[in-house]
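Me: I've got a model open and keep tripping over the vocabulary. Could you take me through the labels and say what earns each one?

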Amino acid sequence: MNSKILIAGEGGQGVQTIAKILIKAAYDSGKKVGYLPNFGVEQRGGVSLAYIQISDSEIVFPKFDKADFAIILARRAVKRIEKNITQKTKIMFDNSILKESELSDFRVEKIAIPASRMAKEKLIPRVFNTIILGALAEELGFINEKDLKKSLLDHIAPKIKERHEIKHFNLAGLDLGRKTIRDISGR
Amino acid sequence: MSQPRLPKCVNKMSKPSNFCPGCGHSLTLKNLGFVIDDLRISSSTIFATDIGCSLLAWDYFDIDTVQSHHGRAASIAVGLKRALPKTTVISYMGDGGGYSIGLNHLVGAARRNEAITVILVNNTLYAMTGGQMAPTTYKGESTSSTPEGSFAKEDPFLGPEFLAPICHKEAFLARTSVDNPIQIKKYIKKAIQNQKNGNFSLVEVLSYCPTNWKTDAKRTINFFDYLKGFYKTGVIKGEQ
Amino acid sequence: MIFLQTEDEPAAGFGVLGAALGGKKSWTATAAAGHLLLQDAVVAAEAMRIPFVAYIGQRGGPSTGTVIYSQQELSIARDGGNGEGLRIVLGPSNLQELYDLTILAFDLAWRYHLPVFILGDGYLSKMTGEVDLSAKARVVKADPIVQNGKRVMNLRNCYSLEEEIARVLHRELKDYGSIAKEVEKSEVYKCTDAKIVVFAWGSVASATKEAVKKIRKDGHAVGLFRPITLKPFGATRAKQSVRNAKKILIVESAFGKFGRLVTEALFGISDIEVERLYKPAEGITPEEIEDKIRKML
């Protein structure tokens with residue numbers, strides 16, 4: 001097993017946070033992991049990419065050409081990752097940020113999650129990325145739920161200290177993401 | 001009691017020194033040597049020179065000495081002091097190195113209140129390279145890069161006065177002149193004491209450079225007295 | 001460990017030198033234009049034989065602020081000074097080596113009193129992965145150079161006469177030559193029977209090895225030569241590695257900085273075809289390298 005996951009969004013969305021929490025959980029689930037953040041000097045607004053590899057065997061090189069999963073979270077990121085999408089790539093995207101028709105060039109399996117809208121309507125906008133994280137972990141299938149929760153809570157521990165309700169919103173976001181995938185796939 | 005001709009900490013092997021006749025460096029170094037003798041710190045002192053004429057002091061003392069590059073004598077002194085906090089670290093430089101290329105390092109060291117002593121010899125030009133204009137060059141002063149006299153409209157750079165507002169309150173900043181050995185020794189002593197108390201100190205020594213000023217003895221003294229009118233000696237920050 | 005945020009790279013570099021003189025293991029890290037500024041201190045280390053360690057996270061140039069990745073700082077690290085470039089440059093190819101070679105860098109710097117670069121890149125600087133930290137660090141002790149309890153040191157880096165500095169350089173070059181023999185290190189992977197030998201270093205060498213492994217599986221005689229010390233460069237081993245090769249491929253994320261080293265090392269071998277995969281300031285994946293090699297088969 002070797003999953004190559006490319007998350008493509010923009011600075012400020014929490015793209016790199018998703019990656020960090022996911023690989024820690026995967027590592028704790030007994031996998032080999034590799035993660036390469038890739039972004040420019042902007043703290044906000046520029047295209048932000050995360051190259052993630054989760055495998056049973058050693059990760060040799062941090063970057064890859066062909067993604068197994070592409071998670072698209074911003075319109076401006078689409079062009080940057082065109083070359084990484086093959087016929088076998090599965091796309092997950094936020095359909096409250098960009099329309100499916102904008103991805104019509106890619107004739108591959110697509111999973112739409114309105115994470116941005118769900119976060120705003122049901123929780124708080126900031127947990128948009130946690131919903132994506134839950135959805136991605138569910139879709140991957142091999143991430144242990146306990147490890148994922150622990151990784152998430154470790155990562156946001158300093159924020160929970162400041163505002164305790166952050167914990168609830170994030171855990172709810174994770175569940176919401178997972179549930180959405182289960183509903184789509186009828187699991 | 002009259003003082004010996006040369007301080008004990010001077011490296012006799014390095015004499016005669018490499019400085020030009022009439023150079024202010026020799027006088028400054030000699031007085032620094034007397035202070036080091038008086039304080040009995042020669043074995044626990046590290047002397048860091050810049051380049052420019054100050055580097056010619058690399059073997060002046062029988063004291064651990066290291067030469068750095070242009071403007072970097074404060075930086076290497078910071079590293080030395082951080083590694084060996086019990087030693088006395090003296091950073092020795094000229095006005096070109098200290099106030100031009102290395103000013104950033106003086107600002108950094110002064111703001112962080114690094115416990116080093118900077119002795120900066122100001123002869124109002126880049127002497128080693130042939131007497132070019134420096135930030136300290138006086139308006140109208142003739143140098144090799146301003147042969148018709150400096151057209152600079154700005155006042156010459158006043159180092160201690162510039163550093164005073166950004167220094168820690170315990171820092172010691174002073175200006176003395178090379179014709180006043182008693183004051184040089186007094187200020188250097190205070191500066192080293194200040195370092196021992198954990199604070200930054202800088203003593204600027206207004207000096208002469210007859211070689212590059214192209215002045216004979218009389219005109220050297222005249223120009224020097226003229227400079228003193230602008231470069232006021234005294235304690236600029238710290239106890240008098 | 002004490003951290004000191006300095007005002008700029010020369011201050012960091014000369015601060016490192018001061019601390020090293022005082023007998024403390026010290027180091028700094030920078031990249032790009034900062035790397036240029038740091039060279040000021042590196043030549044001082046070279047000249048006065050002061051231990052010095054710097055990590056460089058190479059990034060795209062001549063831009064400033066293109067913080068992602070490149071292999072373009074090889075020449076500055078090797079020869080960026082105004083002297084003869086008497087330094088050691090290590091090129092880690094993955095995170096494990098980044099760890100191991102950093103330990104080695106401190107050992108070499110304090111063993112030989114030379115500047116040592118760990119020449120990483122933006123990928124190595126920022127990626128996350130698994131590293132085995134169990135290896136015990138065996139590093140030479142840091143003795144103070146000044147205040148050494150033995151004799152007074154008067155260190156200088158200025159000479160009045162050309163003959164004077166030439167004498168010093170002659171001695172230093174000779175010394176470096178013998179040090180070079182001790183520290184030179186390279187990985188020669190399946191080159192003995194290789195018809196094609198690929199030359200790569202750093203992260204790119206990891207990607208290359210992956211490609212070479214895949215093509216080997218199909219029965220093609222392909223090998224990899226990877227210098228671990230980019231300075232000194234193992235020219236003799238490089239020459240040996242192409243004994244049976246008809247073609248070589250040079251792969252780097254720069255436009256021939258590494259390529260020039262390779263061709264210089266192989267100078268005199270005329271019956272060999274040279275191909276290049278140069279992608280300045282851009283990462284090169286195993287897939288791309290594999291494609292390129294397959295076209296050469």
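Reply: Sure. Two strands pair if DSSP finds at least two bridges between them, and strands (E, at least two residues) and helices (H or I, at least four) are DSSP runs, numbered from the N terminus. This is a predicted model, where local features need pLDDT of at least 70 and side-chain atom pairs count only at 80 or more, while totals for chains, interfaces and linings use all residues. Residues are numbered from 1 along each chain as its sequence is written, and chains are lettered from A and ligands numbered from 1 in the order in which they are written.

Me: What makes strand β3 of chain C and β4(C) a pair?

Reply: Three bridges join β3 (residues 88-90) to β4(C), and at least two are needed, so the label holds. The two run parallel, with Ile88(C) opposite Val116(C) in β4(C). Strand β2 (residues 52-58) of chain C is also joined to β4(C), by seven bridges and again in parallel; here Ile56(C) stands opposite Leu119(C).

Me: Why is strand β4 of chain C called mostly covered?

Reply: A residue is buried if 20 or more other C-beta atoms, placed from the backbone, lie within 10 Å of its own (12 or fewer is exposed, in between is partly exposed). Seven of the seven residues of β4 (115-121) pass as buried.

Me: How do you know that both faces of β4(C) are covered?

Reply: In a regular strand the side chains alternate between the two faces of the sheet. On one side Pro115(C), Phe117(C), Leu119(C) and Asp121(C) are buried, and on the other Val116(C), Ile118(C) and Gly120(C) are too.

Me: What makes α1(B) oblique to α6(B)?

Reply: Helix α1 (residues 24-39) and helix α6 (residues 181-196) of chain B pack at about 50°, with axes 9 Å apart. Under 35 degrees would be roughly parallel, over 145 roughly antiparallel and 65 to 115 roughly perpendicular, with the rest oblique, so this pair is oblique. The crossing is right-handed, which means the near helix is turned clockwise from the far one by less than a right angle.

Me: Which residues make the contact of α1(B) with α6(B)?

Reply: Contact means C-beta atoms within 7 Å. Among those involved are Leu32(B), Phe34(B) and Val35(B) of α1(B), and Ile184(B), Ile188(B) and Ile192(B) of α6(B). The contact residues split into eight nonpolar, two polar and two charged.

Me: How do you know that β7 and β12 of chain C are edge strands?

Reply: Each pairs on one side only. The open sheet has five strands in the order β7-β9-β8-β11-β12, with mixed pairing, and the twist averages 15° from one strand to the next. Inside it, β8 (residues 196-199) and β9 (residues 222-227) of chain C pair in the parallel sense over four bridges. Helix α7 (residues 202-217) of chain C packs on the sheet, at about 165° to β9(C), and helix α9 (residues 257-265) of chain C lies across β8, β11 and β12, at about 150° to β11(C).

Me: What pairs with β2(B)?

Reply: Strand β6 (residues 154-155) of chain C, in the parallel sense over two bridges, which just meets the minimum of two, so it counts. Asn154(C) is the bridge partner of Thr65(B). The wider contact takes 28 residues from chain B and 29 from chain C; α2(B) gives the largest share of chain B's side, eight residues.

Definitions and conventions
Axes fitted to C-alpha atoms, helices over the stretch in contact; angles between N-to-C directions. Contact = placed C-beta atoms within 7 Å. Nonpolar A, V, L, I, M, F, W, Y, C, P; charged D, E, K, R; others polar.
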